[in-house]
Amino acid sequence: MAQNHICELCNRNVSIITEHHLIPLEKGGKHFKIAYLCTTCHTQIHALFTNRELASRYNSLNSLKNDIRIIKFLKFIKDIPGDSYISIKKSKHVRKSS
Ligand SMILES: [Zn+2]
Ligand SMILES: [Zn+2]
């Protein structure tokens, strides 16, 4: 498969890219910026943060990249090929809110 997309968070080459609304749609994010993320980063973001947290505190790529949990995650995946499957567990507070 051609790995012709680059994830804006981990900067790895991947064959599938997804659109992440930096402000979730249900919080009025339709007209806001979209980040292009690999499925692993996208899953990780929604596993770590609730939509409320995303809308209020993590509504830019920079604020995501400066979060210690994201920094640790990026360190962990940077050497893993972009198309590898990585299983991600939802954090407790995200499970509770959904
Ligand atoms: Zn990524
Ligand atoms: Zn998303």
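Colleague: Where should I begin with burial: what share of the 98 residues in the protein is buried?

Modeller: This is a predicted model, and in it buried residues make up 40% of the 98 residues. A residue counts as buried when its relative accessible area is under 20%. As for the surface, the protein exposes about 6300 Å², and carbon and sulfur atoms supply 53% of that area.

Colleague: How do I read the order of the elements, and how many helices and strands are there?

Modeller: Follow the chain from its N terminus and note each element as you pass it. Here there are 5 helices and 4 strands, and they run β-β-β-β-α-α-α-α-α. To see how the chain comes back on itself, take the contacts between residues at least 6 apart in sequence: 56% of them join residues at least 24 apart.

Colleague: Could you show me one residue with such partners? What does Val14 touch?

Modeller: Val14 sits in strand S2, residues 13-14. Leaving out residues up to four places away in sequence, Val14 touches Ala2, Gln3, Asn4, His5, Cys38, Gly82 and Asp83. Val14 counts as buried because its relative accessibility is 1%, and the cut-off is under 20%. You can also look at C-alpha distances: those of Val14 and Pro81 are 8.2 Å apart, although their positions lie 67 residues apart along the chain.

Colleague: Now the metals. Which residues are the protein donors of the zinc ion (ligand 1)?

Modeller: For a metal site, list the donor atoms, then their distances, then their angles. The zinc ion (ligand 1) has the SG atoms of Cys7, Cys10, Cys38 and Cys41 as its protein donors, 2.2 to 2.3 Å away. Written along the sequence, their spacing is C-x2-C-x27-C-x2-C. Of these residues, Cys38 and Cys41 are both buried.

Colleague: Why is the arrangement around the zinc ion (ligand 1) called tetrahedral?

Modeller: Look at the angles. The 4 donor atoms subtend angles of 104 to 116 degrees, so the arrangement is tetrahedral. The test is that all angles lie between 85 and 135 degrees.

Colleague: And which protein donors does the zinc ion (ligand 2) have?

Modeller: Those are His20 through ND1, His42 through NE2 and His46 through NE2, at 2.0 to 2.1 Å from the ion. Their spacing in sequence reads H-x21-H-x3-H. Both His42 and His46 belong to helix H1 (residues 39-48), where they are 4 residues apart, about one turn of the helix.

Colleague: Are His42 and His46 buried or partly exposed?

Modeller: Compare each value with the cut-off. His42 is buried, its relative accessible area being 15%. His46, with 28% relative accessibility, counts as partly exposed.

Colleague: How do I read the faces of a helix? Which residues of H4 are buried?

Modeller: Mark the buried residues, then look down the axis. In helix H4 (residues 68-77) the buried ones are Ile70, Phe73, Leu74 and Ile77. Seen down the axis of H4, they fall within an arc of 100 degrees, so they line one face of the helix. Their cover includes H1 and H3. On the face turned away from the buried side you find the exposed residues Ile68, Lys72, Lys75 and Phe76.

Colleague: What happens at the start of H4?

Modeller: There, a side-chain oxygen of Asp67 reaches to within 2.9 Å of the backbone nitrogen of Arg69. Asp67 itself lies in the loop between H3 and H4, and it counts as buried because its relative accessibility is 9%. The side chain of Asp67 also makes a polar contact with the side chain of Tyr58, at 2.7 Å. Apart from neighbours within four places in sequence, Asp67 is in contact with Phe49 and Tyr58.

Colleague: Tyr58 is there again. What is Ser63 in contact with, leaving aside its neighbours within four places in sequence?

Modeller: Ser63 is in contact with Arg57 and Tyr58. Ser63 is part of helix H3, residues 61-65. A polar atom of its side chain lies 3.4 Å from the backbone oxygen of Arg57.

Colleague: One last loop: where is Ser91 found?

Modeller: Ser91 is in the loop between H4 and helix H5 (92-97). With a relative accessible area of 21%, Ser91 is partly exposed. Beyond its neighbours within four places in sequence, Ser91 is in contact with Ala47 and Leu48.

Note on methods: Residues numbered from 1 in each chain as written. Chains lettered and ligands numbered in written order. Predicted model: local features only at pLDDT ≥ 70, side-chain atom pairs only at ≥ 80, totals over all residues. Heavy atoms only, no water. Helix = DSSP H or I, 4+ residues; strand = E, 2+ residues; numbered from the N terminus. Polar contact = N/O pair within 3.5 Å; in protein donor to acceptor, adjacent residues only side chain to side chain. Contact = heavy atoms within 4.5 Å. Donors = N, O, S within 2.8 Å, 3.2 Å for Na, K, Ca; no water. Buried < 20%, exposed > 50% of the residue type's maximum accessible area, 1.4 Å probe, protein only. Tetrahedral: all angles 85-135°; square planar, octahedral: opposite > 155°, others 65-115°. Areas by Shrake-Rupley, 256 points an atom, 1.4 Å probe, with all protein chains shown as cover. Arc of directions from axis to C-beta.
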